[in-house]
Amino acid sequence: MLADDNRAHERRWFECEQTYGGVFVLRGELDAEGGALVKTAIDALSHGLSRGEARSGSQRRADALVDLAATQLRCGDHREVHGQRPHLTVTVSADTLRSGGAGAPAELGGVGPIHPETARRIACDAVRTVVTVAPPAEASASIIGSTPALPLSVGRATRTIPPHLRTALNLRDQGCRFPRCDRPPAWTEGHHILHWPDGGRTELENLVALCRVHHRAVHEQGWRIHMADGIPVVEPPP
């Protein structure tokens, strides 16, 4: 039996590959203990969060796996690479970040173009570095991507939601404020009700804690949030 266990452990493998369509395909094999650990963690996070849960079991398990990765990147103790901890990098113009903006496409590092609304969601609670670039020369202005951007200045990296406000937000909201969601503060992101590129203030009255799934529901799926007497009110899409 021990020899069988050791052989199963030696056969472990895992791959995460991006397809030409942009999605990622995960494949692998784990031994009994490793598989039980992963399944237990995913099962603990993939239960139905409310009576109105619309996601299938497979979709909930997929979201749970992404939540595990996101929380580990946000809270884990990772070794720095080139002076920075592992992170996602989104490059986006100021015009694109504004609601209804028609600037250049946003780019997710290692993936490619993403929808502006996805870029706005990620920018809600992130580390922001403002880079001023030179305008394109007249000869290349009509040719997209004909010349690389020439940085003129690079600002310091700052959090869009400072640590002291994050602490206040966690104390006030005690986790995701979407109806009947039970995700704790460590699994949430700060959402600007009026987005900061549109002039929204980074103040407690303009912030609400949302888990990644419900943050996406607000930005990409049309749900709306407003404050009423200091309490977040969530409305379904029209």
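Which helix holds R7? R7 is found in α1 (residues 2–10), and that is where the views start. This is a predicted model, so to speak of local features a pLDDT of at least 70 is needed, and side-chain atom pairs count only at pLDDT 80 or more, while totals for chains, interfaces and linings use all residues. Residues are numbered from 1 along each chain as its sequence is written, and side-chain values use heavy atoms, with hydrogens and water left out.

**View 1. R7 in helix α1.** Helices here are DSSP runs of H or I with at least four residues, strands are E runs of at least two, and both are numbered from the N terminus. R7 is partly exposed, at 46% relative accessible area; the scale calls a residue buried under 20%, exposed over 50% and partly exposed in between (1.4 Å probe, protein chains only). Measure C-alpha to C-alpha and R7 sits 8.8 Å from D31, with their positions 24 residues apart in sequence.

**View 2. Helix α3 and its buried side.** Spanning residues 57–75, α3 has 19 residues and reaches 26 Å from first C-alpha to last, close to the expected 27 Å (1.5 Å times one less than the number of residues). Its buried residues are D63, A64, D67 and T71. They share the same side of α3 because they cover an arc of only 110° around the axis, taking the arc from the directions from the helix axis to the C-beta atoms. Their packing partners are α2 (32–45) and α7 (212–220), where contact means heavy atoms within 4.5 Å.

**View 3. Helix α6, buried on one side and exposed on the other.** In α6 (residues 163–173), the buried set is L165, R166, L169 and D173. An arc of only 105° around the axis puts them on the same side of α6. Flip to the other side and P163, H164 and L171 are exposed. The cover over the buried residues includes β10 (188–192) and β11. Just past the helix, Q174 takes a positive phi of about 55°.

**View 4. The largest nonpolar core.** A nonpolar core is a set of buried Ala, Val, Leu, Ile, Met, Phe, Trp, Tyr and Cys residues joined through side-chain atoms within 4.5 Å. The largest one has 10 residues, among them C176, F178, V218 and V234. Both β11 (207–211) and α7 supply at least two residues, with the largest share, 3 residues, coming from β11. A second, separate core of 5 residues includes I161, L169, L207 and A209.

**View 5. The β3-β4-β5 sheet with α5 across it.** This open sheet of 3 strands is antiparallel, in the order β3-β4-β5; strands count as paired if DSSP finds at least two bridges between them. The edge strands, β3 (90–91) and β5 (112–114), each pair on one side only. Between β3 and β4 (residues 106–108) there are 2 bridges, and V90 has L108 as its bridge partner in β4. Helix α5 (residues 116–124) lies across β3, β4 and β5, at about 85° to β5. Angles run from 0 to 180 degrees between N-to-C directions, with axes fitted to C-alpha atoms, for helices over the stretch in contact.

**View 6. The β12–β13 hairpin.** Strands β12 (residues 224–228) and β13 (residues 231–235) pair antiparallel over 5 bridges. A228 has I231 as its bridge partner in β13. There are 2 residues between the strands, and D229 in the turn has a positive phi of about 55°.
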